[in-house]
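Here are some short exercises with worked solutions. Try each task on the model before reading on.

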There are 2 protein chains.
Amino acid sequence: MRDFLPADKARRERVLAVIRERYRAHGFDEIETPVVEEHLRLHAGMGGDNEKLSYSILRRGLDADGIRAAADDPAALSDLGLRYDLTVPLARFYATNRGQLPTVFRAIQIGPVWRAERPQKGRYRQFVQCDIDIIGDDSARAEAELIVASIDTVDALGLEGGIVRVNDRRALDWMLDSFGFTEDERPGVLITIDKLDKIGPSGVAAELREREVTAAAVDQFEAFLSRPQTLEHNPYGERQIRKALPEGAPDEIVAHLVSLGEAVTAARPSTGPSASSGQVAETEFGGESPLVYDPFLVRGMGYYTGTIFELAHPSVDYSLGGGGRYDGMIGRFLGQQVPAVGFSIGFERIIDLVADVEAEAAQAVVLVHDADVPVAELLAHKSALLRDGVARVRLERRPKNMKALLERAAADGYTGFAALRSGDTVGSLEVKPLS
Amino acid sequence: MRDFLPADKARRERVLAVIRERYRAHGFDEIETPVVEEHLRLHAGMGGDNEKLSYSILRRGLDADGIRAAADDPAALSDLGLRYDLTVPLARFYATNRGQLPTVFRAIQIGPVWRAERPQKGRYRQFVQCDIDIIGDDSARAEAELIVASIDTVDALGLEGGIVRVNDRRALDWMLDSFGFTEDERPGVLITIDKLDKIGPSGVAAELREREVTAAAVDQFEAFLSRPQTLEHNPYGERQIRKALPEGAPDEIVAHLVSLGEAVTAARPSTGPSASSGQVAETEFGGESPLVYDPFLVRGMGYYTGTIFELAHPSVDYSLGGGGRYDGMIGRFLGQQVPAVGFSIGFERIIDLVADVEAEAAQAVVLVHDADVPVAELLAHKSALLRDGVARVRLERRPKNMKALLERAAADGYTGFAALRSGDTVGSLEVKPLS
């Protein structure tokens, strides 16, 4: 977990302000939930591996007997925990507050989550997620709005050329069925497929054989993975999707994925950023498609039920975010099925990629003073500057090295300085520019 | 702990933006620390009663033997905890990052803290504090800047007429000495004096007698409390301070309090808010004084070493914030004395008092559509509106009760609406105002 010094903190807040503004532009509204949720809810099986990484809060008021008894029942030690994502809290929030929310609810959540990750480069134990979710809409409209809003947001941060890899859990299920895997084998097979990028087709086949799943299905899958493919990049659309899947993919799933592509393309500016992604799709609406169909995209969480997506950028080899449809989760908390789909941007993963967002231009003055200038005089001048429209005033005692002070002030965004010497009797200060 | 729905969340963020902007105007810079600190640090005796209310995080990886052993050593159950204030983390932050910070460091911290309070009106277990601190300046300049910035901030929120009650721990110590209390008796006596507003002079005297502290000192104190006083409100200044203390108060302490008053008054606009506080002080600098000297102001925390202050407002009978000088705390973490003084605004206590801060005026459009309008068409229109300078666009499926939808949209800050019926082939939408 990290401290953020002023320059870092200011930059993070400026980037978050852009994200917030873009999300809001697309019709989403921000909410906030407590960082602490009930232990049972955090461990209801909806958090996947993150449940194991969660921080639990010690139950208050445990006495020695209570602690001793917990040796056989460690869950008794904790009644609360720190959230490990924003999705489980959102489902709980929706169940709690449904009566006060619109039928189709578009939520923004921006805040920290905690996971006891082993420390490594780019992984933190407290990190910020920026989520948008649409609850109550089971149509492709919801997926399309989320993808367009997310791409628009990374565009606004100067990360044009973002790509969204898309798949559908139902397409994955159908494909595994068609190879001959049983339904029971599916979760394990998906875990292995998720490693395709890392271990390649032969690695996947080998690991599946170790799993001792239906052997004939593994053979078929391996053959499919090693089939001859043209290297030609097809634009996102029905032809590409059908070519990427085994023959006979259900029309309904293909049509859903196709309509998603049309909607996202329709919303992209036709004179948009250059085609750095290599994916150009011409449609009647103009604009280029940021979508790429990936039949082997899995996304780890068990709760996904339909479309899944992952945000990538040509400049890095890790994903910047992702999400998908999770129509079953809210029902777990509410006892009534409500469709939901979400897209999360991993803030810590983009903050280092983003060139700084421009700070608002404003006059900011450093007021350098001798140590013995009376406090009352100093504060009167400071207030006068603020009243005269200066946005920020910082007092600084005159140091030996005036140059270093002024350089530091300029780096901190200050635009001018004024000096107040002991014995001065000035009505108003002369502010000189910091060049 | 609470959920914040969109309207509440937006209002909280608008108010926080004003606080941030005002704090920054006064030359402070925002930092952020993790919400989790080491358990030992949170329980180093610097948190007063808050230490008892803190949430501890369960140590990870404890096995049954470890848990059983902890029955005799409960501290072994926890290595981390949630912060209960922003002052202990700031002292730790300063000790960690000192090399990268300016000699006089003016910090803003805005964030949640956690205390296991018994739930009651106006008390929450997760709540936001807004702190400013000046580290590295032992002069009254620091106190004056903090007070002026804090008053300016509540003014900017429309809470003009705020009053800052001021005292100095050294004045309290001297006063108790002069009555004859011993140094050992001081902490207990201060706890009792802190209740003066609630239990009155006779209650204080009775409780002190129960404490079995030096009897003659209690008699003297009681006589002092019941001395005849004029009801006349003196303006803040030397005369008032000397009258409020027993005779012979040390010149140095009085001079410090007086200079603070002069500095704060000097910084107040002379054509400021009306004198609703009843405290008007004319000085050569003009402006009215928001300060009131209160010789019995204690502030609970043990770490205060000098000036202490509390922010009040005529509209409520609880304090809105406060702070003081804590020159000893950073030395505890750093092994080297560094002067520090802070002022905290209790965000949850002011948010309900503040009339809403005006949201920026911006065109926001609700796009009402029939269910069967193709998704691609919808999103193309949404994007076109955003590209044409509309700040926010929200899609809404046409409901039976159109009036209710439009009223809700207007309440959410939307300014216009457009309709898209199935079969429409419109090049651009007509946006009508939501009146």
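**Exercise 1.** Find which residues of H14(A) and H5(B) meet.

*Solution.* Start with the contact rule: C-beta atoms, placed from the backbone, lie within 7 Å. On the H14(A) side this gives Val375(A), Leu378(A), Leu379(A) and Ser383(A); their partners in H5(B) are Ala140(B), Arg141(B), Ala144(B), Glu145(B) and Val148(B). Next, sort these residues: 6 are nonpolar, 1 is polar and 2 are charged. In this sorting, Ala, Val, Leu, Ile, Met, Phe, Trp, Tyr, Cys and Pro are nonpolar, Asp, Glu, Lys and Arg charged, and the others, Gly among them, polar.

A note on the model: it is predicted, with local features needing pLDDT of at least 70 and side-chain atom pairs pLDDT 80 or more, while totals for chains, interfaces and linings use all residues. Residues are numbered from 1 along each chain as its sequence is written, with chains lettered from A and ligands numbered from 1 in the order in which they are written.

**Exercise 2.** Is Ser344(B) buried or exposed, and why?

*Solution.* First place Ser344(B): it belongs to strand S11 of chain B, residues 340-346 (strands are DSSP runs of E, at least two residues, numbered from the N terminus). Then count: Ser344(B) is buried because 23 C-beta neighbours lie inside 10 Å (buried takes 20 or more, exposed 12 or fewer, partly exposed in between). Beyond four places in sequence, its contacts are Gln129(B), Cys130(B), Asp131(B), Gly321(B), Gly322(B) and Gly323(B). Finally, check Thr87(B): 257 residues separate it from Ser344(B) in sequence, yet their C-alpha atoms are 9.3 Å apart.

Note on methods: Helices (H or I, at least four residues) and strands (E, at least two) are DSSP runs, numbered from the N terminus. Two residues are in contact if their C-beta atoms, placed from the backbone, lie within 7 Å.
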